[in-house]
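Trainee: I would like to go through this structure with you slowly, beginning with its charged side chains and then moving on to the backbone and the nonpolar parts. Could you start with whatever term I need first?

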Amino acid sequence: MLKIFEYDKMPIVEVVNEILVDASHRGASDIHFDPHDEFMQIRIRIDGQLIDYAEVPNEIKKNLITRIKIISGMNITESRLPQDGAIKATLQDVNLDLRVSSLPTNEGEKIVIRILDYSMSKSGIESLGFSESNYKKILQMISEPNGIILVTGATGSGKSTTVYSILQRLNKEDTNIITVEDPIEMNIEGINQVQTNSEIGLTFAAALRSILRQDPNIIMIGEIRDTETAKIAVRASITGHLVLSTLHTNTALNTIERLLDMEVERYLLASALTGVVAQKLARSLCPHCRKFRPTNEYEKELFKKVLNKDITEIYTPVGCEECRNGYKGRIAIHEVLLINQEIKDALSTGINREHLRELVYSADVITMLQDGLEKVLNGDTSFEELLKIIELEDDEKLEKEGGLEDAMNILEIANEQNDVEIIDN
């Protein structure tokens with residue numbers, strides 16, 4: 001149900017404040033202000049899904065956009081170019097840290113506000129949903145005195161949360177940590193953080209060159225975006241520094257291939273790469289209303305093939321007053337690869353993709369599919385949610401049946417046949 005504001009009675013300042021505070025209370029990660037012909041639509045993203053929130057009349061639209069641009073430090077006279085801004089404020093006893101982006105469209109300016117939540121980062125690595133095996137690998141990676149650790153995933157997959165959690169663990173009195181970020185998302189006491197500014201030539205690469213003269217123990221690069229940054233990061237990691245960074249790839253194997261595509265020398269990558277943490281976010285089942293249902297034939301076969309377990313029932317979403325359609329919050333699905341000597345040797349000599357795949361997945365690595373299925377068994381997420389985010393091209397049965405789309409069809413048909421029977425414990 002849409003939220004109704006009395007625009008003729010409430011000052012625009014109060015309207016904007018109410019939107020920001022209410023979205024934060026609801027656990028939203030983003031607020032979208034979408035211009036249309038007849039009105040402006042406000043949507044909020046909760047647990048990865050956009051939902052309609054409110055409608056703003058056109059006569060109020062301009063004042064609302066102007067107010068947001070003023071408090072985020074944007075130029076209110078410029079509406080033809082994209083702009084970025086930030087808001088740090090305490091409203092109604094709620095501490096808000098927001099990133100604001102405006103984009104000119106054919107219907108007018110579209111505003112998106114990202115609500116930054118540091119609670120997970122501050123809670124530590126142990127609160128991020130790593131399995132016991134993956135958690136031990138993370139601790140082993142960050143205990144190395146040098147090397148490069150990459151956290152990978154799509155935009156909005158929680159990479160920054162994982163990196164900041166690792167930095168919190170490494171942040172000790174005898175350690176000099178320097179970061180290069182764009183933007184700095186979270187201020188951490190005791191860490192030297194550098195904000196890039198390409199307009200004056202302070203790029204990731206330029207900042208990295210200077211950082212290496214600042215006697216760092218640990219370097220964090222917000223994101224490896226180009227060949228130059230990748231090469232400097234790798235070289236820094238083999239000269240006695242531990243380097244943390246993020247990369248937009250889906251799996252551990254894709255990460256190695258991307259770095260090779262960026263023309264990082266094989267022998268350098270082989271000696272530098274310590275580990276890869278790939279992750280995606282799935283919606284978490286609400287613990288208050290989740291119920292068991294019988295597994296269908298496809299699910300039974302997948303559990304048997306991937307986990308070698310005979311599973312007859314799994315949790316399914318129901319829905320209650322505590323959640324939204326049976327889901328509340330999100331959980332990370334991980335693939336953690338600790339680079340062993342065999343992979344290092346193969347990288348330095350040069351091997352084809354298939355051989356590299358065999359080496360990576362024959363190592364002590366839990367794939368995202370395995371990690372996800374274990375979390376389905378634990379009741380952390382649902383099988384349906386897992387199928388939406390995990391690529392199952394390695395599954396022979398899926399290849400024969402046409403891939404992910406057919407898998408979803410199989411699941412839907414089976415659920416209809418079972419009439420999604422709910423089992424009460």
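Mentor: A salt bridge is a side-chain nitrogen of Lys or Arg within 4 Å of a carboxyl oxygen of Asp or Glu. Please keep in mind that this is a predicted model, and every value we discuss is computed from it. With that cut-off in hand, you can look at a case where several residues are linked in a network of salt bridges, namely D34, R43 and K110.

Trainee: How many salt bridges does the count come to by this rule?

Mentor: The rule asks for a nitrogen and a carboxyl oxygen within 4 Å of each other. Applied to this model, the count comes to 25 salt bridges.

Trainee: Which side chain meets K3 in a salt bridge, and in which helix does the partner lie?

Mentor: K3 belongs to the segment before α1, which spans residues 12-25, and the pair links distant parts of the chain, 15 residues apart. K3 is partly exposed at a relative accessible area of 25%, and the partner is also classed as partly exposed, at 24%. The closest approach, N to O, is 3.9 Å, and the partner is E18, in helix α1.

Trainee: For the salt bridge between E78 and R80, which residue is buried and which is exposed?

Mentor: The closest N and O atoms of this pair are 3.2 Å apart. Because buried means under 20% relative accessible area and exposed means over 50%, the 13% of E78 makes E78 buried, whereas the 67% of R80 makes R80 exposed.

Trainee: How far apart are the closest N and O atoms in the salt bridge of D371 with K375?

Mentor: Both residues lie in helix α13, residues 368-377, and they are four residues apart, about one turn of the helix. An α-helix has 3.6 residues a turn, so residues three or four places apart point the same way. D371 and K375 are both buried, and their closest N and O atoms are separated by 2.9 Å.

Trainee: What is the nearest side chain of opposite charge to E181, and how far away is it?

Mentor: E181 sits in strand β8, residues 177-181, where this residue is buried yet has no salt bridge. Its side chain does make polar contacts, one of 2.6 Å with the side chain of T179 and one of 3.0 Å with the side chain of Q193. Leaving out residues up to four places away in sequence, E181 also touches others, including Y164, F204 and M220. The nearest side chain of opposite charge is R99, at 8.0 Å.

Trainee: Is the peptide bond from D182 to P183 cis or trans?

Mentor: P183 lies in the loop between β8 and β9, the latter being residues 192-195. The omega angle of the bond from D182 to P183 is near 0 degrees, and the bond is cis.

Trainee: What is the phi value of Q92, and what is that of N308?

Mentor: Q92 is found in the loop between β4 and β5, and N308 lies in the loop between α10 and β14. Q92 is exposed, with a relative accessible area of 53%, and N308 is exposed as well, at 56%. Neither residue is a glycine, yet each has a positive phi, near 50 degrees for Q92 and about 55 degrees for N308.

Trainee: Which residues touch the most other members of the largest nonpolar core?

Mentor: In soluble globular proteins, nonpolar side chains tend to be buried together. The largest nonpolar core here has 42 residues, and the members that touch the most others are I148, I224, I256, L273, L337 and I343. Apart from this core lies another, of 33 residues, which includes Y7, V21, I31 and I113.

Trainee: With which residues is K122 in contact, leaving aside its neighbours within four places in sequence?

Mentor: K122 lies in helix α3, residues 119-123, and counts as exposed at 58% relative accessibility. Its C-alpha atom is separated by 8.8 Å from that of T161, although the two residues are 39 residues apart along the chain. Leaving aside those sequence neighbours, the residues in contact with K122 are Q168 and M186.

Conventions: Residues numbered from 1 in each chain as written. Predicted model: local features only at pLDDT ≥ 70, side-chain atom pairs only at ≥ 80, totals over all residues. Heavy atoms only, no water. Helix = DSSP H or I, 4+ residues; strand = E, 2+ residues; numbered from the N terminus. Buried < 20%, exposed > 50% of the residue type's maximum accessible area, 1.4 Å probe, protein only. Lys, Arg positive; Asp, Glu negative; His and termini not counted. Polar contact = N/O pair within 3.5 Å; in protein donor to acceptor, adjacent residues only side chain to side chain. Contact = heavy atoms within 4.5 Å. Core = buried A, V, L, I, M, F, W, Y, C linked by side-chain atoms within 4.5 Å.
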